[in-house]
Amino acid sequence: MNPFPELKKDSQVVVYFWKLVNSYSKTYIPLMLLVALCSAFLPFINIIAPKYIIDELMGEARETQLLLWISILAVGNAIFGLLQSYLDQKMEQANLQVMDGLELHVGKHIMNLDFERLENAKVLDLKEQALSPIQQQDVIRKMMTSMRMLLQTSLSLMALTALISTVNVGTILLILGMILLNTYIFKKSQQTQFKFYKILAPLNRKFGYYSRLATDFSMAKDVRLYGMAPIILKKVDAYHKDTIRGFGELYGQVGRYKGLTSINLQLQMVVIYCYMIVKVVSGRIQIGDFIMYIAAANSFSAQVSVVFNAYVELRQMCRYLEVFREFESLPATMRSGERMIGKLTEAEIEFRGVYFKYAGSEVYSLKNVSLTIKSGENLAVVGQNGAGKSTFIKLLCRLYEPEQGEILLNGYPIQQYQYKDYMKTLGVVFQDYKLFSFSIKDNLSLKFTLDAEEEMLSMMKQVGLEEKIGGLEKGLDTQVFKTFDSEGTGFSGGEGQKMAMARALLKKSPILILDEPTAALDPYAEYKIYSNFNRMTEKHTVIYISHRLSSCKFCDRVAFFKEGELVEYGHHDQLVKNGQDYSSMWEAQAQYYD
Ligand SMILES: Nc1ncnc2c1ncn2[C@@H]1O[C@H](COP(=O)(O)OP(=O)(O)OP(=O)(O)O)[C@@H](O)[C@H]1O
């Protein structure tokens with residue numbers, strides 16, 4: 001049997017995390033080494049000093065010698081104790097620093113993950129399996145502690161082996177044999193826990209979702225109006241039953257393993273005591289030696305157990321952390337090119353024979369789409385629900401990659417540009433835009449300068465939020481929502497949409513994409529926005545999706561999508577004249593405006 005299976009793989013995991021830990025706290029590892037050194041040599045005072053005290057008591061009983069050994073015992077323990085508690089407290093601080101750093105590390109990784117992966121159940125389960133051991137089971141700290149225990153006990157063991165060998169090498173072999181057995185039992189118990197945990201991860205993800213349903217304010221309306229509480233509670237109850245049953249089985253098994261380990265240890269001590277008593281009775285060792293060897297054997301046994309258990313635990317932690325590395329190394333399918341964009345004044349977009357279908361879907365959501373949007377042009381994208389309009393936008397925003405064909409910006413495929421640079425060229429308002437619980441200023445996402453504040457206020461006026469902001473005591477510094485500030489402000493659907501529009505316009509990107517930008521606006525606000533629209537967007541190439549065809553009139557071109565295909569393309573008047581689907585849709589809407 002190979003006692004060190006997969007040593008190479010584990011060492012790589014350990015080295016990777018050591019580096020990671022070190023990058024977040026420079027003191028963590030040196031402190032850990034110092035604690036290990038202190039803890040390795042502390043047991044010796046308590047093993048050796050009592051022997052000399054007893055020898056002295058059994059012999060000449062000199063007061064000075066007795067006092068000396070008792071002082072060594074007391075002062076040594078006190079110094080080590082103080083030092084250890086000081087180091088432990090420093091370690092706690094360093095540990096907090098590391099944990100915060102890792103949270104940040106994980107957060108950054110998730111924010112940079114391909115968007116497409118965030119809707120893949122397997123990736124989401126992997127994410128749960130990777131993150132929950134770090135966030136909830138303290139795996140990194142356990143790994144580092146195992147490393148420390150390995151180091152400190154190895155040092156202790158070297159010294160203890162030398163000490164015990166002076167009485168009998170066989171004692172060491174006996175202890176080692178018993179401990180190997182215990183280690184095997186410990187390993188089994190660890191494997192049982194790991195298997196259970198893997199089964200639990202997807203269940204936990206579901207439970208997390210159900211809990212959010214119950215507590216998330218944004219869901220509260222639907223939950224109440226559709227009487228969803230019993231369904232949610234039923235699902236939570238089923239989850240609880242499953243997990244309680246699973247934990248019951250797990251604890252039963254782990255308990256049996258612990259019982260076996262304890263029986264083993266008692267047996268081992270009985271054998272050692274008998275052996276040492278025989279030695280004392282036959283006059284081969286003194287009482288002082290008996291006490292010292294028993295203490296040394298006890299300590300040796302405990303330390304070897306710690307070494308093996310620390311090794312098994314370290315390997316087990318590596319299993320958890322491997323999953324984290326697997327998650328972290330999910331390849332980015334989004335290519336980022338080398339081409340820089342710089343400050344663009346012109347932005348011409350071209351779709352060339354683009355095909356796309358969503359992962360797991362048989363049907364193409366976009367089929368052979370080709371069109372060119374000239375720099376500064378306004379394009380309206382229209383079509384029935386599910387026609388492919390948002391997909392067209394998502395591909396342009398690089399949330400997904402086309403399966404066939406190309407999308408070009410100023411003549412170069414968009415994948416050839418540096419990803420971050422490309423993102424700067426887009427100002428987007430999605431249908432499900434989000435406002436954050438930050439100040440209005442932060443929501444508008446500009447670095448604060450005096451000019452920027454004036455610019456923001458002027459934009460607020462253009463989008464029709466002037467009165468709203470003017471009525472707020474703290475103006476642009478007011479918090480959005482009341483999550484962290486009871487004086488925070490809420491936004492109606494239409495006001496929120498105006499904020500999202502202002503944010504996109506303030507980004508001053510050459511391309512502006514608006515997905516139903518006025519769906520939540522009242523007719524007066526919509527009229528106001530549209531009468532300003534051409535002036536507000538004159539420097540942009542604009543693409544916007546709308547179901548209100550009246551708004552297509554002021555656009556340079558209209559692209560009409562049907563079942564993923566671009567079936568009509570041209571100016572509004574021309575498409576109305578053509579008498580096809582667009583014109584039918586126009587007439588259907590126009591009758592409500594007559
Ligand atoms: N994430 C997804 N996974 C699988 N299929 C999707 C996904 N998103 C959209 N689809 C499908 O792709 C097709 C095009 O959807 P898309 O959202 O682009 O339509 P749309 O024209 O924007 O519709 P709407 O007017 O309702 O917003 C639809 O058949 C839709 O069901």
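In the predicted model, strands 3 (residues 378–383) and 9 (residues 557–562) pair in the parallel sense, with five bridges between them. Within this pairing, valine 381 lies opposite alanine 559 of strand 9. Both strands belong to an open sheet of six strands, ordered 6-7-8-3-9-10, in which the pairing is mixed. Strand 6 (426–429) and strand 10 (565–570) form the edges, each pairing on one side only. Neighbouring strands of the sheet are turned against each other by 15° on average, direction ignored.

Helix 15 packs on this sheet, where it touches strand 6 and strand 7 (511–515), and its direction makes about 175° with that of strand 6. The helix comprises 14 residues (493–506); at 1.5 Å a residue these should span 20 Å, and the end C-alpha atoms are indeed 20 Å apart, so the two values agree. Buried positions in helix 15 are Gln497, Lys498, Met499, Ala500, Met501, Ala502, Arg503, Ala504 and Leu505. Lysine 508, just after the helix, adopts a positive phi of about 55°.

The ligand is surrounded by residues that include Glu119, Tyr358, Ser361 and Ser365, together with Gly383, Asn385, Gly386, Ala387, Gly388, Lys389, Ser390 and Thr391. Helix 10 (residues 389–396) gives the most to this shell, contributing three residues. By class, the shell contains eight polar, two nonpolar and two charged residues.

Overall, the secondary structure of the protein consists of 18 helices and ten strands. Of its 594 residues, 27% are buried. Among contacts with a separation of 6 or more, 77% involve residues 24 or more positions apart.

Technical notes. Residues are numbered from 1 along each chain as its sequence is written. This is a predicted model: local features need pLDDT of at least 70, side-chain atom pairs count only at pLDDT 80 or more; totals for chains, interfaces and linings use all residues. A residue is near a molecule or strand if its C-beta atom, placed from the backbone, lies within 6 Å of it. Helices (H or I, at least four residues) and strands (E, at least two) are DSSP runs, numbered from the N terminus. Ala, Val, Leu, Ile, Met, Phe, Trp, Tyr, Cys and Pro count as nonpolar, Asp, Glu, Lys and Arg as charged, and the others, Gly among them, as polar. The expected span of a helix is 1.5 Å times one less than its number of residues. A residue is buried if 20 or more other C-beta atoms lie within 10 Å of its own, exposed if 12 or fewer, and partly exposed in between; C-beta atoms are placed from the backbone. Two residues are in contact if their C-beta atoms, placed from the backbone, lie within 7 Å. Two strands pair if DSSP finds at least two bridges between them. Axes are lines fitted to C-alpha atoms, for helices over the stretch in contact, and angles run from 0 to 180 degrees between N-to-C directions.
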